[in-house]
Amino acid sequence: MKHRKPLVALTPYHNIEKDEPYMRPAYLKALRTAGAVPVILPLEANADELEQLTDAFDAFLFTGGPDIHPFYFGEETQRCCGNVSSKRDWLELTLLKLAMKAKKPVLGICRGIQLLNIGLGGDIYQDLPSQFQEEFPIAHAQPFYYSIPSHTVCVTPGSLLSQISGKDTIQVNSMHHQAVRRLAPGLIATGHAPHGLIECVEYPEYPAFFLGIQWHPEYLWEQDEAAMGIFTTFVKAAQSSNSSQ
């Protein structure tokens, strides 16, 4: 019997002005290199379709993108908050519940880590420059291209991120103005930027792979083992999910 590669679903980006879904190819290339078949989910899938899609896929990657509407974590809109996609917010928050109910591997990148935290009951800084004070302001929206790292992340010993990277400090890129603030129940922070900002979350009690990261390893994996390790470990977990079905 021919070996079946794991199917990994990606939540779509949304061009809000044109109301068109799209995908950054860097995610697809990283996942295919790691051994998966990546598939972009439809932006306007309904609840019944999402249930069917949850059964069909082996793992789920929650991608980067615009701000999440503050109403989802019980706040008014801060004046520096950016644009939102109501379609993506609903799609991803609904999908997260279904994926976790099915105990499927989950990876969240940039917006994705924030979505995981909000979906499980936590909240975020709506705007770091105005809400998170740093004596030496880190460039969380870096001035150079994404394949170049811009700051460090301190990794918690014994964590999943530590096992993946094999390091206590890693170099990451950065392109965000929001970040995890109050952790959701069940989540732990296992990576921090200088001055303590949360950059990585894990769910130790979850029975499958569960990782949220604030940076973009899809632009670093070709030259960084830790970034590649995130994708290979995720895809191995998706393969295990595939085998157990």
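This dialogue reads selected features of a predicted model.

Biologist: Let us begin with helix α1. Which of its residues are buried, and on which side do they lie?

Modeller: The general idea comes first. An α-helix has 3.6 residues a turn, so residues three or four places apart point the same way. In this model, which is predicted, helix α1 covers residues 25-34, and its buried residues are A26, Y27, A30, L31 and A34. These residues lie on the same side of α1 because they cover an arc of only 125 degrees around the axis.

Biologist: Which exposed residues does the face turned away from the buried side carry?

Modeller: That face of α1 carries P25 and R32, both of them exposed. Just after the helix comes G35, whose phi is positive, at about 110 degrees.

Biologist: Which residues other than glycine take a positive phi, for instance in the loops after β6 and β11?

Modeller: Two cases can be named. C110 has a phi near 55 degrees and sits in the loop between β6 (106-109) and α4 (111-119). H195 has a phi near 75 degrees and belongs to the loop between β11 and β12 (198-202).

Biologist: Are C110 and H195 buried or exposed?

Modeller: Buried means under 20% relative accessible area. C110 therefore counts as buried, at 6% relative accessibility. H195, with a relative accessible area of 44%, is partly exposed.

Biologist: I turn to the sheet. How many strands does it have, and what is their order?

Modeller: Strands of a sheet pair through backbone hydrogen bonds, either parallel or antiparallel. Here an open sheet of 9 strands runs in the order β4-β1-β5-β6-β13-β12-β11-β8-β9, and its pairing is mixed. Its edge strands are β4 (37-40) and β9 (169-172), each of which pairs on one side only. From one strand to the next, the twist averages 25 degrees.

Biologist: Which pairs are parallel or antiparallel at the two ends of that order?

Modeller: Strand β1 (residues 7-10) pairs with β4 in the parallel sense, over 4 bridges. Within that pairing, L10 has I40 of β4 as its bridge partner. Strands β8 and β9 pair in the antiparallel sense, also over 4 bridges. There V153 stands opposite I170 in β9, and C154 has T169 of β9 as its bridge partner.

Biologist: To which strand is β8 joined by 2 bridges?

Modeller: That strand is β11 (residues 188-192), which runs antiparallel to β8. V155 stands opposite G191 in β11.

Biologist: How should I read the side chains along a strand, and which of them point to which face in β8 and β9?

Modeller: In a regular strand the side chains alternate between the two faces of the sheet. In β8 (residues 151-155), H151, V153 and V155 form the covered face, and T152 and C154 form the uncovered one. In β9, I170 and V172 point to one face and are buried, whereas T169 and Q171 point to the other and are not buried.

Biologist: How many cavities of 30 Å³ or more does a search of the whole structure find, and what lines the largest?

Modeller: The search finds 1 such cavity, with about 50 Å³ of space. Its lining consists of L161, I170, Q171, V172, W215, L220, D224, A226, A227 and I230. Strand β9 and helix α7 (225-244) each supply at least two of the lining residues. By class, the lining has 8 nonpolar, 1 polar and 1 charged residues.

Biologist: What volume does the largest pocket have, and which residues lie nearest its centre?

Modeller: The largest pocket has a volume of about 240 Å³. It is lined by 16 residues, and G64, G65, P66, C110 and M175 lie nearest its centre. C110 is the buried residue discussed above. The lining divides into 6 nonpolar, 7 polar and 3 charged residues.

Biologist: Which residues line the second largest pocket?

Modeller: They are L128, P129, F132, Q133, E134, P137, I138, H140, A141, H176 and H177. This pocket holds about 160 Å³ of space, and its lining has 6 nonpolar, 4 polar and 1 charged residues.

Notes:
Residues are numbered from 1 along each chain as its sequence is written. This is a predicted model: local features need pLDDT of at least 70, side-chain atom pairs count only at pLDDT 80 or more; totals for chains, interfaces and linings use all residues. Side-chain values use heavy atoms; hydrogens and water are left out. Buried means under 20% relative accessible area, exposed over 50%, partly exposed in between (1.4 Å probe, protein chains only). The arc is that of the directions from the helix axis to the C-beta atoms. Two strands pair if DSSP finds at least two bridges between them. Axes are lines fitted to C-alpha atoms, for helices over the stretch in contact, and angles run from 0 to 180 degrees between N-to-C directions. On a 1 Å grid over the protein atoms alone, a cavity is a set of points where a 1.4 Å probe fits but cannot get out, and a pocket is an open set with protein on both sides within 12 Å along at least five of seven lines; lining residues have an atom within 4 Å of a point. Grid points are joined across faces, edges and corners, and a volume is the space filled by probe spheres set on the points. Ala, Val, Leu, Ile, Met, Phe, Trp, Tyr, Cys and Pro count as nonpolar, Asp, Glu, Lys and Arg as charged, and the others, Gly among them, as polar.
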